[in-house]
Amino acid sequence: MSNPNGQRGAKAERDLVVWLRENGWPDACRARGEGSVDRGDIGGIPRVAVQVKAAKRPEYVMARLREAQAGALVQAHGRRPVAVVKLPGVGDPAQWWAATTVQWLPNAGAGRFGDPTPRPGYDLPIDACDVSKCSPARMIHAAIGEHGGALRDGWWITTCERLFAALPGAVTS
């Protein structure tokens, strides 16, 4: 594959699959094309359509999240739409940003984090002392001024670790 964006995206998908298999989703795999119907980038997670994007630079994170949200909605076909964005400079998929519509998470309080039911909005760990380019606070602040807005109505944006822990069906040891 000679397209650098495609290579970056494929690597993000592979890294996410490895992480998912190690964290309660042993059947996770990269999805293959199914004719004219695109079912998402990651398969093997029951009733979930996962769209993965990789952001090359911090200022691209929110645009990639919006693209992933749009793709997940198109690919859902009655399943939970999940959008994942690999953050630049962040290798651990647990810390990548993930989003889903709140309507699909009525029982998220039962997750291992003991969270209340998620509300639309950002639920990211924000460290006020973190001044790096990739800090959630800096990326959210940059996105507020972006044309087109940062957040689709009714979406919960958090980390992959928190979102996938809240989904029903994970295999725990």
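1. In this note a residue counts as buried when its relative accessible area is under 20%, as exposed when that area is over 50%, and as partly exposed in between. The structure is a predicted model, and the points below should be read with that in mind.

2. By that cut-off Thr101 counts as buried, because its relative accessibility is 10%. Thr101 belongs to strand β5, which spans residues 97-101. Once neighbours within four places in sequence are set aside, the residues in contact with Thr101 are Pro81, Gly154 and Trp155.

3. Turning to charged pairs, side chains of opposite charge can pair when their charged atoms come close. The structure contains three salt bridges, and each is taken up in turn below.

4. One salt bridge joins the side chains of Lys11 and Asp15, with an N to O distance of 2.8 Å. Both residues sit in helix α1 (residues 4-22), and because they are four residues apart there, about one helical turn separates them. As for accessibility, Asp15 is partly exposed at a relative accessible area of 24%, and Lys11 is likewise partly exposed, with a value of 44%.

5. A salt bridge also links Glu13 with Arg30, whose closest N and O atoms are 2.8 Å apart. Here the partners come from two elements, Glu13 from helix α1 and Arg30 from strand β1 (residues 29-30), so the pair ties together parts that lie 17 residues apart in sequence. The two ends of this bridge fall into separate accessibility classes: Arg30 is partly exposed at 29% relative accessibility, whereas Glu13, at 11%, counts as buried.

6. The side chains of Arg64 and Glu67 form a further salt bridge, with 3.2 Å from N to O. Both residues belong to helix α2 (residues 61-75), where a spacing of three residues means that they are separated by about one helical turn. Arg64 is partly exposed, its relative accessible area being 23%, and Glu67 is partly exposed as well, with a relative accessible area of 37%.

7. Which element holds Glu13, and which holds Arg30? A colleague inspecting the model may wish to trace this pair, since Glu13 lies in helix α1 and Arg30 in strand β1. The pairs Lys11 with Asp15 and Arg64 with Glu67, by contrast, each lie within a helix, namely helix α1 for Lys11 and Asp15 and helix α2 for Arg64 and Glu67.

Technical notes: Residues numbered from 1 in each chain as written. Predicted model: local features only at pLDDT ≥ 70, side-chain atom pairs only at ≥ 80, totals over all residues. Heavy atoms only, no water. Salt bridge = Lys/Arg side-chain N within 4 Å of Asp/Glu carboxyl O. Buried < 20%, exposed > 50% of the residue type's maximum accessible area, 1.4 Å probe, protein only. Contact = heavy atoms within 4.5 Å.
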